[in-house]
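Colleague: I should like to go through this structure step by step. Would you please reason through each point with me?

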There are 2 protein chains.
Amino acid sequence: MGFWKTWFSTSESAATNRTAPFEEMSAEFTGNNPNSDRIVFSTERDIDLYELEELCDAVGWSRRPLRKVKKAIEHSFLVASMWQVRGNQRRLIGFARATSDHAFNATIWDVVVHPDFQGKGMGKALMKYVLKKLRSEEISNVTLFADPHVVDFYRTMGFMPDPEGIKGMFWYPH
Amino acid sequence: MGFWKTWFSTSESAATNRTAPFEEMSAEFTGNNPNSDRIVFSTERDIDLYELEELCDAVGWSRRPLRKVKKAIEHSFLVASMWQVRGNQRRLIGFARATSDHAFNATIWDVVVHPDFQGKGMGKALMKYVLKKLRSEEISNVTLFADPHVVDFYRTMGFMPDPEGIKGMFWYPH
């Protein structure tokens, strides 16, 4: 995929020079950005919950108790974050996590990209990173529940709605 | 729900007399059964994998490596099993498990009821047990992916397909 080659320079040397856990995948984000900020990805779970809340606020999500967010992060199989790095500073610009049985299924939740970075391929980059991580763990079945306005986005990432008539269902107490 | 009252006698005294972990919910299965076998439910994870495989064989599922099944059971948030108890013998007749972040979401997988016990309310009983367990853990969002022929079954249990247009999606590498 030439597009990704243009946007991402995942050079091994750059990766080895960076300190863990930000070594795993990197991207030179040169698209619309004159400063050539680095975009880095991480699976580190030690995320500042207030910074995460700020990110979720920016996309208009309802606030959730931080105690529960903390617990959810602890018990997620994968926690993926995307950062803009400029000099010594880094800013959380994307987040996603997945629950899993560590064997067959993983389900992706809470995919969020800061509005300043939407429409620039950053959501795709984050999802690509998440899928790469899940594949490396030999998870065969990756699922998610997509809001109507992002169904087409996930379709371009290789997700199929209702394959073979399988229906995503939500339980509501009655 | 009068129906359940008829089928289930979840008496406290019966529960306290039974040894853990089969103490939690019980059912007198007297419907079409002259022997009044007891049906009991459990969250015990120490399930004989060959017995589980036999159950899955009975409904025609593809076999899966037991090593992975073991791992999936270990890393599921909830493992629920349903047993027919006759005298000193017990037989695995139903199974379900759920992955979860322990905070917001749970997703139910691998719901199976032995064909001999289908059409007798046993699937409903198993799901009722699973939902009760998940609710007791304060999980607010319970989801699943339903094959076309069981969508109506889950609907009667309170599950909604595609609520507000939310689409269940599966990833296929391309």
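Modeller: Let us start with Ala96(B), which is placed in strand S4 of chain B; helices (H or I, at least four residues) and strands (E, at least two) are DSSP runs, numbered from the N terminus. Before we continue, please note that this is a predicted model, in which local features need pLDDT of at least 70, side-chain atom pairs count only at pLDDT 80 or more, and totals for chains, interfaces and linings use all residues. Residues are numbered from 1 along each chain as its sequence is written, chains are lettered from A and ligands numbered from 1 in the order in which they are written, and side-chain values use heavy atoms, without hydrogens and water.

Colleague: Is Ala96(B) buried or exposed?

Modeller: Buried means under 20% relative accessible area, exposed over 50%, and partly exposed in between (1.4 Å probe, protein chains only). The relative accessible area of Ala96(B) is 1%, so Ala96(B) is buried.

Colleague: Which residue, 34 residues apart from Ala96(B) along the chain, has its C-alpha atom 7.6 Å away?

Modeller: Contact means heavy atoms within 4.5 Å. Leaving aside neighbours within four places in sequence, Ala96(B) is in contact with residues including Leu78(B), Trp109(B), Leu126(B) and Val130(B). The residue whose C-alpha atom lies 7.6 Å from that of Ala96(B), 34 residues apart along the chain, is Val130(B).

Colleague: What turn lays chain B on chain A?

Modeller: Copies are superposed by least squares on the C-alpha atoms of residues with pLDDT of at least 70 in both. The RMSD is 0.0 Å, the shift along the axis is 0.0 Å, and the turn is 180°. That is the relation of a two-fold axis.

Colleague: Why can one say that the copies meet through the same surface?

Modeller: The contact takes 50 residues from chain B and 50 residues from chain A. The copies meet through the same surface because the interface residues of chain B that are also interface residues in chain A amount to 100%.

Colleague: How many salt bridges are there between chain B and chain A?

Modeller: A salt bridge is a side-chain nitrogen of Lys or Arg within 4 Å of a carboxyl oxygen of Asp or Glu. Asp101(A) forms one with Arg97(B), where the closest N and O atoms are 2.9 Å apart. Between chain B and chain A, the count of salt bridges is 4.

Colleague: Which side chain of opposite charge is nearest to Lys68(A)?

Modeller: Lys68(A) lies in helix H4 (residues 66-74) of chain A. Lys and Arg count as positive and Asp and Glu as negative, while His and the chain ends are not counted. Lys68(A) is buried yet has no salt bridge, and the nearest side chain of opposite charge, 5.2 Å away, is that of Glu138(B).

Colleague: Is His102(A) buried or partly exposed?

Modeller: His102(A) lies in the loop between strand S4 (89-100) and strand S5 (105-113) of chain A. Although His102(A) is not a glycine, its phi is positive, about 65°. Its relative accessibility is 24%, so His102(A) counts as partly exposed.

Colleague: Is Asp162(A) buried or exposed?

Modeller: Asp162(A) lies in the loop between strand S7 (159-161) and strand S8 (167-171) of chain A. Its phi is near 45°, a positive value in a residue other than glycine. With a relative accessible area of 17%, Asp162(A) is buried.
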